[in-house]
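Here are some short exercises to work through with the model open beside you. Try each task before reading its solution.

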Protein chains: 2
Amino acid sequence: MPEAASAAATRAAIGDSEFDRDTAVHRRAPGVYALDLSAGWTIINAVNGGYLLAVLGRALGDALPHADPFTVSAHYLTASRPGPALVRTETVRTGRTLSTGQASLFQFDDEGNEVERIRVLASYGDLDALPDDVRTSATPPAIPPMDQCFGPEDGPAPVEGSSAIADRLMLKLDPATLGWALGQPSGRGEMRAWFGLADGRDADPLSLLLAVDALPPTAFELGLKGWVPTVELTVHVRCRPAPGPLRVSVTTRNLAGGFLEEDAEVWDSADRLVAQSRQLARARLG
Amino acid sequence: MPEAASAAATRAAIGDSEFDRDTAVHRRAPGVYALDLSAGWTIINAVNGGYLLAVLGRALGDALPHADPFTVSAHYLTASRPGPALVRTETVRTGRTLSTGQASLFQFDDEGNEVERIRVLASYGDLDALPDDVRTSATPPAIPPMDQCFGPEDGPAPVEGSSAIADRLMLKLDPATLGWALGQPSGRGEMRAWFGLADGRDADPLSLLLAVDALPPTAFELGLKGWVPTVELTVHVRCRPAPGPLRVSVTTRNLAGGFLEEDAEVWDSADRLVAQSRQLARARLG
């Protein structure tokens, strides 16, 4: 990734990066935002669900009186495609410390009719206004140093098929969760990685919405193949991330009845648990 | 609880129990349901959030082509009170195996204006249509036999203040998570209990929505006092529960910035993980 590499050397700034440009929304009317879904955040042909969540999160951050997503619940309805899209937001409730909004992402069928892709409920606040008090029993995931982890550029490609998103992420997977890439899945529902943006942009609450859904599916380590479409994904942003790479740990404990949960934790360079997420996804058993 | 006790002897049936009567909704028009929030499911003066979720879940089960909640995401907006209420539902998407809907619970201010209490996004399906395949690494919580656990009737009251809901639940708390009731909180964010309905009604997907939010807050074992209001609660129903008492385990790992997550697992008598939930709640630190 020569481009990404050179970009990383200069370190893109928050607000002026691939991620910011590709999640930009343009206010056309109160609560109506136009945008183009970039082909740069696709896995095989599917637009990454975390990227889509970040687009919706950016629109809500503009529409609501509070800027930071605290909890975002998304139900995925139909498959998004790169290209023109519309976000419609509704302010549900405005409070002193929290505001709640709803947003939907639409694209257009051949007749130009709107087709809803995702619907989101979210509560926003001000992360900088939270007290510093931390009483956590959670500990950062044990991931080897970055130079002992492997990314798409190290091959064998951790994500089968072409995957444009790989060029936009700094993803270094824990070898302990890479068995599937060698045809030897561990059987454990675990995926761990160092995570960043390829152009060096530091993390912010919006990019955390991407980070929770950016690793290969834990289903690969459970021996399953193919797409694991998300039905519902809820993210809690707990703290503004410090500069530097993130550590992401995703765990699946219960694969049953053709569905599985994926619990993600995101830790920043200051060893703070900055985001937690859980999604329900369909699994193709076999 | 002489009434509950005698009722338990006769074992109320699903569809004919306190829980069913108190969550009943009456269809007034397509997608419009009238109901009365019962005072029987309050903790101190707050209407239990799981009870409210079950009311919304029942309305959505009637409005959508699929009957069983698979994933329900609720954002709590304003405090509900016992009394008249309205649920408005919207069918967002109808699919072959899953349907997605939205529902809002309203009550009325002094001028009779609707005030929104909770907004929900939910995807429904048919639990009985799921394949039997189970590959889970999750194990049931270690809770002592029921006769070694303690409920409100055993005193000291696990829930401070009067609590009507205690008369409607069969709640037997693991002594290992009861330190707070003796003024000696463990400092661990854990709460475990045997759970059932006092009149003996067996569990179903709707009562699982109650079960995930029916235990005392884990914050009590973390040494906090007072109400822990839910901001957002998402439940995944993974399996139709077998008859018999449930085991509920709630864990908090990260109390920070005045918020905490509560992760609940619900296990049935057949040792199946039947529901998982996570909520983000406010905590009064100090």
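**Exercise 1: two polar side chains in chain B**

D204(B) counts as buried because its relative accessibility is 13%, where buried means under 20% relative accessible area, exposed over 50% and partly exposed in between, with a 1.4 Å probe and protein chains only. Before going on, note that this is a predicted model in which local features need pLDDT of at least 70, side-chain atom pairs count only at pLDDT 80 or more, and totals for chains, interfaces and linings use all residues. Residues are numbered from 1 along each chain as its sequence is written, chains are lettered from A and ligands numbered from 1 in the order in which they are written, and side-chain values use heavy atoms, with hydrogens and water left out.

Task: find where D204(B) sits and what its side chain reaches, then do likewise for N254(B).

Solution.
- Step 1. Look in the loop between β11 (190–197) and α4 (205–211) of chain B for D204(B). Helices (H or I, at least four residues) and strands (E, at least two) are DSSP runs, numbered from the N terminus.
- Step 2. Follow the D204(B) side chain to the backbone nitrogen of S207(B), at 2.8 Å.
- Step 3. Move to strand β14 (residues 254–256) of chain B, where N254(B) lies. N254(B) counts as buried, with 3% relative accessibility.
- Step 4. Cross to chain A: the side chains of N254(B) and T136(A) make a polar contact of 2.9 Å. Such a contact is a pair of N or O atoms within 3.5 Å; within protein, one must be able to donate a hydrogen and the other to accept it, and residues adjacent in sequence count only if both atoms are side-chain atoms.

**Exercise 2: helix α3 of chain A**

Task: describe the span, cover and N-terminal cap of α3(A).

Solution.
- Step 1. Helix α3 of chain A runs over residues 49–63, and its 15 residues reach 21 Å from first C-alpha to last. That is close to the expected 21 Å, a span defined as 1.5 Å times one less than the number of residues.
- Step 2. Of the 15 residues, 11 are buried, so the helix is mostly covered. Among them are Y51(A), L52(A) and L53(A).
- Step 3. At the N-terminal end, N48(A) acts as the cap, with a side-chain oxygen 2.8 Å from the backbone nitrogen of G50(A).

**Exercise 3: the chain A fold as a whole**

Task: how compact is chain A for its length?

Solution.
- Step 1. Chain A holds five helices and 16 strands.
- Step 2. Its radius of gyration is 18 Å, close to the 19 Å that the globule rule gives for 286 residues, so chain A is as compact as a globular protein of that length. The radius is taken over C-alpha atoms, and the rule is 2.2 Å times the number of residues to the power 0.38.
- Step 3. Buried residues make up 59% of the 286 residues in chain A.

**Exercise 4: a residue with positive phi**

Task: locate D271(A) and D271(B) and state the phi of each.

Solution.
- Step 1. D271(A) is in the loop between β15 (259–267) and β16 of chain A, and D271(B) is in the loop between β15 (259–267) and β16 (273–282) of chain B.
- Step 2. Phi is positive, about 60 degrees, in D271(A), which is not a glycine. D271(B) has a positive phi near 60 degrees.
- Step 3. D271(A) is partly exposed at 42% relative accessibility, and D271(B) is partly exposed with a relative accessible area of 42%.
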